[in-house]
Number of protein chains: 4
Amino acid sequence: MMTGAEYIESLRSLKTEVYFMGKRVESVVDHPAMRPHINSAAVTYDVATNPETAHLGSAVSHLSGRTINRWTHIPQNQDDLVKKAMMLRVAGQITGTCFQRCVGMDGFITTYSTTYEMDQKYGTDYHERFKRFLIATQDKDFMTDGAMTDPKGDRSKSPSQQHDPDLFVRVVEQRPDGIVIRGAKLHQTGAINSHQILVMPGQGLQPHEKEYAVICAVPAAAPGVVFVFGRQVNDSRKWEGEIDQGNATYGTVGGEAMIIFEDVFVPHERVFMNGETEFAAMLVDRFASYHRQNYGACKSGNLDVLVGATAALADIHGVAKAGHVRDKLTEMAHLVETMYSGALACSFNCTHLGCGTAFVDQTLANVSKFNTARYYPEVTRLAQDIAGGFIATLPSEKELENPRVAKYIHKYYQTRPDVPALDRIRLGRLVENMTGATPIIECMHGAGSPQAQKVVLQRQIDWLKRIKLARRIAGVANAEAPK
Amino acid sequence: MMTGAEYIESLRSLKTEVYFMGKRVESVVDHPAMRPHINSAAVTYDVATNPETAHLGSAVSHLSGRTINRWTHIPQNQDDLVKKAMMLRVAGQITGTCFQRCVGMDGFITTYSTTYEMDQKYGTDYHERFKRFLIATQDKDFMTDGAMTDPKGDRSKSPSQQHDPDLFVRVVEQRPDGIVIRGAKLHQTGAINSHQILVMPGQGLQPHEKEYAVICAVPAAAPGVVFVFGRQVNDSRKWEGEIDQGNATYGTVGGEAMIIFEDVFVPHERVFMNGETEFAAMLVDRFASYHRQNYGACKSGNLDVLVGATAALADIHGVAKAGHVRDKLTEMAHLVETMYSGALACSFNCTHLGCGTAFVDQTLANVSKFNTARYYPEVTRLAQDIAGGFIATLPSEKELENPRVAKYIHKYYQTRPDVPALDRIRLGRLVENMTGATPIIECMHGAGSPQAQKVVLQRQIDWLKRIKLARRIAGVANAEAPK
Amino acid sequence: MMTGAEYIESLRSLKTEVYFMGKRVESVVDHPAMRPHINSAAVTYDVATNPETAHLGSAVSHLSGRTINRWTHIPQNQDDLVKKAMMLRVAGQITGTCFQRCVGMDGFITTYSTTYEMDQKYGTDYHERFKRFLIATQDKDFMTDGAMTDPKGDRSKSPSQQHDPDLFVRVVEQRPDGIVIRGAKLHQTGAINSHQILVMPGQGLQPHEKEYAVICAVPAAAPGVVFVFGRQVNDSRKWEGEIDQGNATYGTVGGEAMIIFEDVFVPHERVFMNGETEFAAMLVDRFASYHRQNYGACKSGNLDVLVGATAALADIHGVAKAGHVRDKLTEMAHLVETMYSGALACSFNCTHLGCGTAFVDQTLANVSKFNTARYYPEVTRLAQDIAGGFIATLPSEKELENPRVAKYIHKYYQTRPDVPALDRIRLGRLVENMTGATPIIECMHGAGSPQAQKVVLQRQIDWLKRIKLARRIAGVANAEAPK
Amino acid sequence: MMTGAEYIESLRSLKTEVYFMGKRVESVVDHPAMRPHINSAAVTYDVATNPETAHLGSAVSHLSGRTINRWTHIPQNQDDLVKKAMMLRVAGQITGTCFQRCVGMDGFITTYSTTYEMDQKYGTDYHERFKRFLIATQDKDFMTDGAMTDPKGDRSKSPSQQHDPDLFVRVVEQRPDGIVIRGAKLHQTGAINSHQILVMPGQGLQPHEKEYAVICAVPAAAPGVVFVFGRQVNDSRKWEGEIDQGNATYGTVGGEAMIIFEDVFVPHERVFMNGETEFAAMLVDRFASYHRQNYGACKSGNLDVLVGATAALADIHGVAKAGHVRDKLTEMAHLVETMYSGALACSFNCTHLGCGTAFVDQTLANVSKFNTARYYPEVTRLAQDIAGGFIATLPSEKELENPRVAKYIHKYYQTRPDVPALDRIRLGRLVENMTGATPIIECMHGAGSPQAQKVVLQRQIDWLKRIKLARRIAGVANAEAPK
């Protein structure tokens with residue numbers, strides 16, 4: 001197994017073709033837009049090798065018997081699935097953001113069982129091929145991008161109905177020694193810092209769409225593989241400074257790229273599906289279940305950080321004891337634990353597939369992801385509500401070096417004599433980093449925070465009149481009575 | 001105009017054919033299942049004649065120039081529409097329940113403009129006929145059931161496609177002197193205590209469905225008109241006692257009936273549409289807009305009573321000052337005012353139809369009703385949350401006359417020395433009356449009220465750990481720092 | 001172990017003092033208000049003895065080694081906790097309502113560990129006493145009411161501060177052979193059909209409140225134990241007929257009673273806490289966690305029935321394929337599985353207490369109950385939305401024997417030629433039984449169902465105008481472009 | 001009245017001291033970070049002078065009788081208040097973002113009535129002074145920053161209790177010819193492009209806090225007035241390019257600045273409160289009500305743009321006809337109209353203050369703002385749900401000039417042959433601009449969009465089993481029956 005530092009070093013020798021902001025990136029490791037994401041991915045290596053977390057982050061390969069990083073492991077039992085969830089929460093607490101390696105992990109798990117079932121039906125040898133590939137990956141401890149999402153074109157049409165047949169990755173040539181693929185995959189988290197790419201179909205296919213039924217592994221630096229790194233919210237702050245980033249070490253979300261396959265050749269030993277259209281839906285279905293298992297875990301880890309930042313700010317602002325603040329903080333924690341409950345429930349309540357792999361409860365995994373997607377925005381909304389409007393209007397960190405105004409920043413952003421303004425500013429930037437959305441904050445806190453309206457309402461409503469109405473109708477003897 | 005007492009008396013002479021619980025009802029006025037609803041309808045007469053509310057409840061007829069009950073008035077301007085909304089909130093505050101007369105009012109308003117437009121197109125004289133009918137209704141101050149909802153059968157089929165053609169009211173015979181109608185109308189609020197019925201189509205029609213395009217007025221006691229009064233939640237309590245009803249004077253909701261038309265003859269002067277299918281959708285659309293205008297007003301009036309009962313109980317229970325209780329009460333009031341805002345907005349923002357009638361803003365009327373339907377359950381849920389589990393398990397009022405246990409009821413249901421247990425029980429029964437749903441209360445308060453779980457959570461969560469996670473990622477100098 | 005039938009028979013010999021509607025109840029088994037609840041409790045006996053469910057419903061006592069009903073079992077490991085949850089969902093699916101026996105079960109589990117800890121600290125022998133009591137209970141397969149909730153008086157005051165010291169159950173006399181208790185317990189689910197009562201304190205106590213720190217077991221027929229059975233929604237329908245009940249076999253919710261203790265003597269061998277105030281909070285805290293574990297399981301079972309009834313009605317009404325109906329049904333199922341996920345997660349994620357008992361994850365158990373209380377009303381709201389307004393206005397079943405109108409009920413409540421109206425009415429009554437709340441339904445469906453407003457809105461909004469606004473601001477070349 | 005172009009030109013001569021990113025800004029008009037906000041503010045001038053909107057954007061001054069910009073007008077009646085709301089919606093539709101001038105407008109309105117009441121009580125001449133100031137402002141058509149929000153320090157302490165007395169703006173010297181103020185105002189929307197600043201207290205004050213009770217007007221370029229322009233989400237994109245901004249013309253939100261008052265002298269004729277502490281709460285309360293009136297109007301205008309962008313993307317993606325997409329778009333529009341209803345309702349339902357100014361309904365204004373803050377995030381969430389994950393991962397516009405990848409951007413981001421990829425990218429960037437929050441999008445769409453989970457759930461749930469459970473309990477003859 002590699003450590004995080006070794007992983008980062010290993011990327012230096014990868015000669016990938018990466019573009020960002022219109023230019024070729026010479027070294028992803030040294031590019032300020034990419035380094036934080038790489039640091040975050042490196043945490044998956046540290047969690048496996050750090051003695052405090054190795055019981056979660058590492059596993060014994062059922063194929064080789066060797067100790068491996070759990071992000072390359074095929075879960076064999078309930079314990080493996082539960083540890084997968086627990087590991088993700090811990091990693092999420094360390095990084096406060098996405099660490100990108102799960103899509104590869106779930107690609108492995110799913111390809112493993114899908115190749116098994118294809119072989120059962122067709123007598124192919126995809127499963128053995130894949131095992132060899134997987135053992136090598138486990139031993140080299142490679143970070144792998146699980147590449148599933150195609151451009152998709154018109155969503156009301158299937159792959160073969162699109163105006164451009166390349167809108168889904170497809171095999172454009174069958175050769176004696178391998179295949180040639182063309183197309184693109186979008187939104188590829190962690191792609192620019194992966195050693196290899198596991199290409200998979202992204203949706204069910206019809207029998208005549210054989211060219212789209214392809215699973216294969218491609219080295220990240222293979223000829224014809226081109227990465228275009230996407231823009232993220234506030235990405236320019238990464239090369240402008242540090243404090244304004246909010247999470248300068250690990251970044252924001254995952255660092256997504258578009259991957260273009262310009263007629264890339266893949267030798268047979270790295271091809272794990274080639275035309276078996278009826279297995280595409282099974283692959284996607286299973287992949288989705290394993291991947292949805294994760295969200296209740298990694299996001300609850302991330303949101304633990306947000307809960308902490310919000311609680312810290314409430315304290316710094318002097319409102320930590322206000323009833324509505326306590327209630328909202330508890331609501332945040334409640335929603336976070338609801339997410340985690342879902343991840344645990346679908347993990348514990350597992351079954352086994354034909355090849356022996358432990359499989360999450362599909363219904364509960366989908367329920368869990370749906371709740372995570374539903375409550376994540378709500379938790380961020382509550383954080384913004386408590387943290388206050390200042391997170392949307394903070395001055396640049398450059399002003400701290402501006403002799404004309406620096407003293408005023410320190411003076412006017414301080415709330416308590418025992419807490420430096422900079423603590424508050426840094427925590428505010430972290431909340432901004434994790435919740436984004438200046439427009440939402442402006443609408444929320446402009447003209448007074450929501451609680452201000454509630455306070456006015458409470459004062460404006462004629463409660464006594466309403467009590468009298470009720471007492472009269474209820475037949476209480478003295479409708480005029482107290483309160 | 002009649003007073004409420006005169007209205008009630010006027011019903012005695014009506015020889016309607018009403019059934020309830022399998023038996024013919026001799027006198028609706030004296031039947032305990034019906035009397036509370038009649039008392040509630042009577043409030044619409046009192047609101048018009050009581051000097052304190054007459055500025056809202058009465059209007060000057062634009063047809064006769066005479067002062068009439070606003071529930072029979074055609075709104076001529078913004079002021080009329082706004083007063084309609086204000087009147088409904090007041091009536092809702094008095095009764096705490098439905099007063100049933102709005103569906104007739106909105107039937108008048110809509111038929112008025114629809115007949116106008118039919119005449120414009122076809123040169124018919126429906127509008128003049130209707131005006132004569134309306135002036136008579138205004139002068140006699142009749143309560144009128146606006147009958148729109150058909151049984152409808154299979155909802156995926158239109159009237160003419162049903163397995164039984166009678167599933168929508170239709171004309172089965174055209175006679176020289178009138179028409180004969182057959183079918184039924186369901187869910188007719190206030191029907192058994194109305195003087196007459198205004199039959200209208202309930203949905204858009206296709207050109208070949210002429211027999212279903214019929215508007216006509218039928219006396220409630222006309223031969224062949226049969227009422228079957230439906231069951232309501234806890235209706236038996238009406239003839240078993242008083243306290244357990246919660247709102248013994250005005251009842252619960254509206255008192256709905258099924259009306260069966262057994263080939264009922266209607267003379268031409270009371271027929272206001274007869275085959276003009278393309279106007280059915282217009283009628284329904286306009287009716288819906290006027291009727292949806294109401295809900296934000298009458299329900300906010302009803303819920304003012306519920307807010308009052310809940311606030312009174314919070315006080316009696318000693319929790320009125322708890323932060324979460326104040327917050328929930330304010331949330332209840334906020335939702336109530338949101339409903340009322342909608343009713344006001346669509347009323348103020350009116351336009352005029354071709355015949356001069358003031359017309360609510362359709363978009364805003366629909367928005368308002370949608371919010372009312374969405375938040376009404378939420379307000380009741382909050383009431384149940386605050387009022388507590390006792391409203392679902394209260395002993396019968398008969399126990400208060402049971403010498404073995406009466407003293408214990410008084411002893412153990414008392415919370416404060418200065419408030420008799422009976423006050424609390426009556427208010428609890430009112431909350432039960434307005435929110436129903438024993439199953440919901442059981443689920444809410446069983447195993448501890450929701451707030452109990454929040455309190456445990458607040459205690460269980462390791463806040464300091466989360467704060468440290470955040471401080472470390474934010475780059476705060478001392479991640480171990482305070483709180 | 002007893003079967004359900006044997007359990008019911010066993011109640012005949014119990015000479016309990018029960019009052020309902022002001023009168024003494026001679027035989028709870030034969031009283032129509034009580035029999036459905038007894039049938040529901042009997043299901044806990046059948047689940048244990050029926051071969052199809054015995055793997056969930058029975059367990060091997062760790063005390064006696066004999067096979068016992070799981071409702072009397074102390075969970076020894078993760079598997080026991082998970083089976084507890086699974087058993088509750090199954091029982092909930094069979095009854096569609098509360099089966100009442102869980103409060104006793106959780107009382108056993110909690111008293112077991114609390115007595116252990118008291119003995120550890122004080123060298124008392126409560127734990128051995130309780131074991132003997134529990135073995136006897138297991139062997140006799142007794143239904144036990146876990147009695148925790150006191151009247152509580154003013155919620156802002158502790159037991160000793162109340163104006164009446166009896167507002168919490170307390171020991172009024174210490175005798176050589178036992179103790180004498182006085183007070184009442186409210187909301188006691190299943191109490192009138194239990195063989196015995198396990199009295200427990202309901203909240204934390206201060207050191208000087210020793211008289212309130214009492215756990216003891218009392219036979220249901222002990223002298224001075226008086227039950228007052230509370231009213232439930234629509235309880236009169238139980239003695240008026242069958243169909244209108246909705247769930248004539250198993251009833252609605254749990255059947256709650258007030259239990260009055262008129263200076264009841266309890267011998268020492270049935271006393272399991274007597275003055276150890278500092279253990280009251282521990283008891284309540286643990287009890288709450290075990291009991292909150294249940295709700296995600298039993299309520300998801302109950303709601304499976306409601307989902308089924310709603311889906312059946314959607315089909316009968318011809319709307320099962322409508323997009324919004326499918327979406328709402330799926331949302332209902334999603335919320336149900338969210339509840340169940342919580343019950344599973346807190347069960348799987350267990351620890352062990354000092355005495356060896358398996359203990360649910362407290363945080364997750366509280367999270368789960370909170371979600372169950374939050375989403376239960378939402379699921380019922382969706383059911384009411386889909387089922388439609390007819391469930392609030394259905395005629396009495398007596399009309400089916402009323403020759404004047406019976407034919408019309410059958411005619412006008414039928415929607416499809418292949419489904420009798422009675423099927424629809426019965427399912428409608430079941431939805432009414434499980435969701436209550438006529439007022440909510442009236443507000444929801446009056447003036448048109450919520451979907452009707454959405455449809456109007458969709459038509460009223462000028463989408464093209466909004467698209468043009470956006471295209472202009474986005475800088476799209478041709479702002480006038482298509483749609 | 002000035003036109004937008006004249007307004008922009010007028011700013012050139014203002015010699016304000018503005019800092020941004022650590023440097024002095026020579027010309028706010030030419031600074032790429034500020035120009036879009038200035039363009040947006042200029043719209044308030046165009047709306048008043050453009051013939052199509054002048055009926056909303058202009059008014060006749062009740063002081064001078066001259067036609068003025070409504071953003072400087074004191075509302076005299078219901079029509080003025082309603083037109084204020086209508087004007088804001090229109091301006092919001094044009095800009096898609098904040099146009100900043102309302103805080104000054106509401107400052108005028110509130111200071112007008114507050115000075116009147118101070119004079120009534122104390123015989124001061126603040127009101128006359130203010131009238132003179134206001135007429136000059138109306139005639140010069142000045143943009144004015146209404147400066148209310150102080151740094152506030154510890155929120156649990158009042159101004160005089162803070163560790164630093166300058167945490168609220170205060171008078172540090174009373175001179176014969178005027179006063180000297182010190183402190184800062186934060187979050188000042190539109191401040192750097194205003195001609196003058198109206199300083200007001202931001203909360204209620206105690207009698208001994210006289211130094212904090214100050215209202216005065218300060219020229220933006222007065223000595224000692226220092227502006228620090230805050231950072232916004234993605235602000236660097238403003239100087240890096242155009243497309244990636246999303247709304248290059250008008251920017252994002254308002255452009256907030258911190259204003260520092262370094263012992264600034266204000267002559268008496270521009271001082272409108274000086275020590276009258278008991279009027280601070282009245283001022284804030286009234287200001288809040290007028291300002292809260294606005295949010296339901298301007299934000300509904302902004303969100304009309306977002307609804308349009310989302311609808312356009314749904315169409316471009318080929319999902320505009322999907323049931324759930326239509327439902328979500330309608331829900332968005334519903335929430336937008338709910339906001340607007342609130343703004344209208346509190347405007348129409350007005351009263352008059354002692355000085356004749358028309359005053360919004362305070363309760364409804366607060367209700368409206370609370371709903372706006374509550375639903376704005378929900379509308380953005382729905383937009384992100386429909387628009388899809390691509391808005392968080394789009395490549396930089398620089399790639400369109402990168403010969404290696406530009407063709408692939410066009411190829412793979414195109415969905416339909418008739419819509420260029422660039423249209424889609426521009427609309428996607430606009431949605432990003434208005435909703436922010438990459439982290440939320442990642443959580444929402446990662447592992448499949450929410451709808452994907454619903455689809456799986458719908459397939460996984462055993463509906464027939466649930467139907468059978470319900471039919472059995474309902475007593476339907478054949479529980480096995482169809483579906």
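**View 1. Charge centres of chain A in the predicted model.** Chain A carries 53 positive and 53 negative charges. The mean positions of these two sets are 8 Å apart.

**View 2. Chain A, extent and surface.** The C-alpha trace of chain A spans about 90 × 70 × 50 Å along its principal axes. The accessible surface of chain A comes to about 13,900 Å². Carbon and sulfur atoms hold 51% of that area. Chain A has 483 residues, and 70% of them count as buried.

**View 3. Chain A, secondary structure and contacts.** Chain A has 15 helices and 14 strands. Consider the contacts in chain A with a separation of 6 or more. Of these, 75% are between residues 24 or more positions apart.

**View 4. An open sheet of six strands in chain A.** The strand order in chain A is β2-β1-β10-β11-β7-β6. Pairing in this sheet is mixed. At the edges of the sheet stand β2 (23-24) and β6 (170-175) of chain A. Each edge strand has a single partner strand, so one side of each is left without a neighbour in the sheet.

**View 5. The β7–β11 pairing in chain A.** Strand β7 of chain A covers residues 178-189. Strand β11 of chain A covers residues 256-267. The two strands pair in the antiparallel sense, over nine bridges. One of the residues to look for is A:I179, whose bridge partner in β11(A) is A:V266.

**View 6. Surroundings of B:T372 in helix α10 of chain B.** Helix α10 of chain B runs over residues 362-387 and includes B:T372. B:T372 has a relative accessible area of 0%. The cut-off for a buried residue is under 20%, so B:T372 is buried. Leaving aside residues up to four places away in sequence, B:T372 touches B:Y295, B:G296, B:K299, B:M339 and B:P377 within chain B. B:T372 also touches C:C443, in chain C.

**View 7. Chains B and C, related by a two-fold axis.** A turn of 180° lays chain B on chain C with an RMSD of 0.0 Å. The shift along the axis is 0.0 Å. That is the relation of a two-fold axis. The same surface serves both copies. Of the contact residues of chain B, 99% recur in chain C.

Technical notes. Residues numbered from 1 in each chain as written. Chains lettered and ligands numbered in written order. Predicted model: local features only at pLDDT ≥ 70, side-chain atom pairs only at ≥ 80, totals over all residues. Heavy atoms only, no water. Helix = DSSP H or I, 4+ residues; strand = E, 2+ residues; numbered from the N terminus. Buried < 20%, exposed > 50% of the residue type's maximum accessible area, 1.4 Å probe, protein only. Contact = heavy atoms within 4.5 Å. Areas by Shrake-Rupley, 256 points an atom, 1.4 Å probe, with all protein chains shown as cover. Lys, Arg positive; Asp, Glu negative; His and termini not counted. Charge placed at Lys NZ, Arg CZ, Asp CG, Glu CD. Least-squares fit on C-alpha atoms with pLDDT ≥ 70 in both. Pairing = 2+ DSSP bridges.
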